[in-house]
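Grab the viewer and work through these exercises at your own pace. Try each task before you read its solution.

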Amino acid sequence: MCRWIAYSGTPILLSQVLFEPRHSLIDQSLHSRLGVETTNGDGFGVGWYAPDLTTPAVLRDVGPAWNNRNLQEVAHHVRSGLFFAHVRATTGTAVQQTNCHPFRWDRWMWMHNGAIREFHRLRRDLAMAVDPALYAEIEGSTDSELMFYLALTLGLTDDPPGAVGRMVALVEETGRRHDVEHPLQMTVAVADGRRLWAFRYSSEGASRSLYYSTRVDTLRALHPDAGYLREVSEETRLVVSEPLGDLPGAWNEVPESHYGVVEPGRDELHAFRPVA
């Protein structure tokens with residue numbers, strides 16, 4: 001499995017999230033506390049949106065994140081108000097650059113932790129459901145990327161929650177046809193440059209960990225001596241596979257079978273279910 005972070009809010013250096021917290025994503029790549037694997041060293045990726053550009057930049061590599069000099073260089077010099085970062089532990093597909101997250105199509109980014117169970121048996125049927133106009137865009141061999149293109153096929157650009165729900169229903173129905181019990185395990189982040197959606201769901205109702213940060217104004221009241229909280233706006237929010245530190249009251253678990261949306265002016269949390 002994998003670990004990931006999605007950030008939305010005041011533009012900051014990527015390094016402030018990726019390297020500086022006590023239990024940063026780089027620390028999680030070596031010492032995950034809540035993941036299936038302690039070490040996530042089968043590649044990494046970061047993707048970020050820049051002002052006045054409609055498509056995000058993506059940097060991916062097959063080596064571990066903890067000693068990659070290019071990642072350190074970029075993270076200490078790139079500032080963004082919406083970015084993704086992911087460290088990978090493969091569930092069976094090849095360790096190659098095209099299998100590293102996040103995945104990008106047009107202005108959209110996608111990253112995933114989890115797996116389609118028995119993916120080698122379901123892959124052909126699922127791939128045949130991708131819109132032929134999109135199929136040629138698939139570069140890698142992961143279930144995660146295929147899920148992204150299924151969601152795009154099923155209306156992601158118009159209705160992200162509905163499209164992800166339809167994608168989940170398709171994966172589960174395909175799994176049932178192949179006698180696969182509990183076909184899907186996922187936490188997913190998707191963004192369009194302005195909004196961020198995060199989903200937590202699994203067919204067995206026992207999903208991988210996912211947390212979101214408490215409102216900044218609440219944290220300021222709880223921790224008036226935490227100076228860095230004065231540097232970010234009340235719009236700032238993180239969604240993470242596991243908490244980045246131990247600040248009391250800072251982190252909240254995303255409930256089982258729920259999704260959240262973060263966008264300027266509002267954050268919402270909703271129940272999530274497959275859409276037939």
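**Exercise 1: a helix pair**

Task: work out how α4 and α6 lie relative to each other, roughly parallel or roughly antiparallel.

Solution: α4 and α6 come out roughly parallel to each other. Here's how to get there, bearing in mind that this is a predicted model.

- Step 1. Find helix α4 at residues 119–128 and helix α6 at residues 143–153.
- Step 2. Take the packing angle, about 25°, with the axes 11 Å apart.
- Step 3. Angles under 35 degrees count as roughly parallel, so that settles the label.
- Step 4. For the handedness, α4 passes α6 in a left-handed crossing.

**Exercise 2: who touches whom**

Task: list the residues where α4 and α6 meet, then sort them by character.

Solution:

- Step 1. On the α4 side, pick out Phe119, Arg123, Leu126 and Ala127.
- Step 2. Their counterparts in α6 are Asp143, Leu146 and Leu150.
- Step 3. Sorting this contact gives five nonpolar residues, two charged and no polar ones.

**Exercise 3: the sheet**

Task: give the strand order of the open sheet and say which strands stand at the edges.

Solution:

- Step 1. Trace the seven strands: β3-β2-β4-β1-β10-β9-β11, with antiparallel pairing.
- Step 2. β3 (57–61) and β11 (251–253) each have a single partner strand, so one side of each lacks a neighbour in the sheet.
- Step 3. Going from one strand to the next, the twist averages 15°.
- Step 4. Zoom in on β11: three bridges join it to β9 (residues 211–213), and the two run antiparallel. One pair to check is Tyr211 with its bridge partner Glu253 in β11.

Conventions. Residues are numbered from 1 along each chain as its sequence is written. This is a predicted model: local features need pLDDT of at least 70, side-chain atom pairs count only at pLDDT 80 or more; totals for chains, interfaces and linings use all residues. Side-chain values use heavy atoms; hydrogens and water are left out. Two strands pair if DSSP finds at least two bridges between them. Helices (H or I, at least four residues) and strands (E, at least two) are DSSP runs, numbered from the N terminus. Axes are lines fitted to C-alpha atoms, for helices over the stretch in contact, and angles run from 0 to 180 degrees between N-to-C directions. Angles under 35 degrees count as roughly parallel, over 145 as roughly antiparallel, 65 to 115 as roughly perpendicular and the rest as oblique. A crossing is left-handed if the near helix is turned anticlockwise from the far one by less than a right angle, and right-handed if clockwise. Contact means heavy atoms within 4.5 Å. Ala, Val, Leu, Ile, Met, Phe, Trp, Tyr, Cys and Pro count as nonpolar, Asp, Glu, Lys and Arg as charged, and the others, Gly among them, as polar.
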